Amino acid sequence: MNRYSPFQLTITFAAALILLFIVAPLVGMFVSTSPSDLFATAKDVEVQESIKLTIWVSFAATVIFALAAIPLAYLLARKEFPLKSIVSGIIDLPVVIPHSAAGIAILGFVSRDSVLGQMGSAVGLNFVGHPAGIAIAMAFVSLPFLINAARDGFAGVPVRLEKAALTLGASPARVFFTISLPLAWRSIVSGLIMMFARGMSEFGAVIMVAYHPMITPILIYERFGAFGLKYARPVSVLFILISLTVFIALRVLARNKIQKSDPHA
Amino acid sequence: MRETKYKNLIHMLELREISCSLPGFSLSEISFSVADGEYFILLGESGAGKSLLLEAIAGLNPVKSGTLLLDGKDITHEKIQQRGIGLVFQDQAVFPHLSVKENIAYPLKGKHLSNSEKDKIIGEITGLVQIPKLLNRRPSTLSGGELQRVALARALVQKPKILLLDEPLSATDSKLRAELRALLRQINRLGQTIIHVTHDFDEAVSLADRIAIMNQGSIVQTGTPQEVFGNPVNGFVAHFAGIRNFYRVKLEKHDGHLIAKPAENVAVFIGDTSATDSGYILIRNEDILLSSTAFESSALNNFEGTVVDLYPSRSGMEVLINIGIVLHAQISRESAVKLQLAAGKKVWVHFKASSVKLIVS
């Protein structure tokens, strides 16, 4: 096709427009933040604490919930059961409902009056205003990303390989850990990274459950409300930079590990 | 050899009226038994239910009713991993994330063997299937034939009581196929009982001690290749053996001759004298002579017919002639030219009564 045909020019223009739309605000924010402001913000203990909290709580939420979410994904990929499509729909629910509404729902779920809240109180744990509550709110809105990616990963593993392993004397558990899980690993890792990323960036659900301790998205909101755009901007830039570094590092690590275990993948 | 190979006929595997049903397909009341050390072939067209049956024997498909006995033990509801049955899938199902050695060692895990014992077993098996140099390779670097050998080695390493093979030669070229056939024969000669599924007649005849023909979820006929293809029980089995002239007939007696009637207005003299009133007749393509005019021959069966179709075959020309029934004749290319055969041309068909084989049903 002619590179300069009207059709080609139109779609190239549309593509450029969309890219610009995504990149321009971010670049604008980076450009209007002076290095000295950024440096000062990086030394701000409140900012440091908040970024640390955000990363480790999201990480913990991802790892803990993955232990049950991965088996669920396997079930969805492999087993047929009544109302399966409804179950799949329920899993996507956190993506489509407003996150502030999700936060309200979670608040009710973990507050002192609830069963979970009372169980927590019994061991001296109050979820509201506690990292555990933040983790639950983050997990609620980010779980679909892991479950869906892991389910696709498991669905992509040929059933014949699992059957073959069974005929070779492996128990179903051994088949899961030696065949299904390693072959779906690439998708699962990408799901884990997505869940972690989505958890870190969550604002609406978390703010309902815990204003304090303050995760970075809430800190940005607070600085904007109290001091204005000029003070919110350096925190935003710093948080984006650190998030990007973490994701790129995770992706590179994951890719190296997968390539090491299978050079032809 | 076939008769002496397993004198005392110990049943290694016995299926008693096995039925299975899956969405869109079912197996009905399948019964047969396989002797210890036997090479048993399940022959049928694709979609006949052969693979389904193998998976049912291995435990991968649930059995609805019937009994499955392995070495005298009821395994109908035994867990798959405790059956001691090896299964090689049509697409080999070699684990892509494991090396060849890890694949072959997979069944040995949890068997309380030391590393040197494992290496010894793997060494023996890979020697047998001739892949000792491939041990550290990744499956994605192997050819189809090599993958087939890896899959065989992996199934054999657990010393299965019975080895099930699903179309093991289907994805290989003819040279490789001959090598793999020789390997399968060798494995069988070492005492390994084998059930092998195929749709290929030549493959079945070249390997089988006994054959079972499957069609639409049922076993149609079981026996040695000579029994099955010498006495096909129906047109389906005959067709498999490449026999095209196979007709259901009514039998009548006329002047001391037995006459078979495959159609109302077609009467075929047959050499047989069995007293029965119906059955099948079978005429080999090569036994049919064609001529352009009627002539006095020693053959009792002479018909005038019309050529319906003719096409080249492996050993000459295949000619279809309608004499009330459609007969297949096998003639040389030269004869086809000499007789100026073409569709629509009238020809005379001759065959001896003694070349008509009667199969009493």
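## The β1-β2 hairpin of chain B

In this predicted model, strand β1 (residues 11-22) of chain B pairs in the antiparallel sense with strand β2 (residues 25-35) of chain B over 8 bridges, where strands are DSSP runs of E of at least two residues and helices are runs of H or I of at least four residues, both numbered from the N terminus, and where two strands pair if DSSP finds at least two bridges between them. The two strands, β1(B) and β2(B), form a hairpin with 2 residues between them, and G24(B) in the turn has a positive phi of about 85°. L22(B) stands opposite F25(B) in β2(B).

β1(B) also pairs with strand β4 (residues 65-70) of chain B, in the antiparallel sense and over 5 bridges; here L15(B) has L68(B) in β4(B) as its bridge partner.

## Basis of the model

Residues are numbered from 1 along each chain as its sequence is written, while chains are lettered from A and ligands numbered from 1 in the order in which they are written. Because the model is predicted, local features need pLDDT of at least 70 and side-chain atom pairs count only at pLDDT 80 or more, whereas totals for chains, interfaces and linings use all residues.

## Overall layout of chain B

Chain B contains 9 helices and 20 strands, and its C-alpha trace spans about 80 × 45 × 45 Å along its principal axes. The chain is divided into domain 1 (11-240) and domain 2 (245-360), with bounds that come from an automatic or database domain assignment. Taken over C-alpha atoms, the centres of domain 1 of chain B and domain 2 of chain B are separated by 41 Å.

Of the 361 residues in chain B, 38% are buried, a residue being buried if 20 or more other C-beta atoms, placed from the backbone, lie within 10 Å of its own, exposed if 12 or fewer do, and partly exposed in between.

## Two open sheets

One open sheet of 5 strands in chain B has the order β15-β19-β16-β17-β18, with antiparallel pairing. Its edge strands are β15 (289-291) and β18 (326-331) of chain B, each of which pairs on one side only. Within this sheet, strand β17 (residues 316-322) of chain B and β18(B) pair over 6 bridges in the antiparallel sense, and N322(B) stands opposite V326(B) in β18(B).

Another open sheet of 5 strands, also antiparallel, runs in the order β13-β12-β11-β14-β20 in chain B. β13 (266-270) and β20 (356-360) of chain B each have a single partner strand, so one side of each is left without a neighbour in the sheet. Strand β12 (residues 257-263) of chain B pairs with β13(B) in the antiparallel sense over 4 bridges, and A263(B) has V266(B) in β13(B) as its bridge partner.

## Contact with chain A and the nonpolar core

18 residues of chain B are in contact with 17 residues of chain A, contact meaning that the C-beta atoms of two residues, placed from the backbone, lie within 7 Å. Strand β6 (residues 85-88) of chain B supplies the largest share of the side of chain B that touches chain A, with 3 residues.

The largest nonpolar core (buried Ala, Val, Leu, Ile, Met, Phe, Trp, Tyr and Cys residues joined through C-beta atoms within 7 Å) has 162 residues, of which L146(A), A150(A), V206(A), L164(B) and I281(B) touch the most other members. Helix α7 (residues 131-155) of chain A gives the most to this core, with 15 residues. Domain 1 (11-240) and domain 2 (245-360) of chain B both give residues to this core, so the core lies between them.
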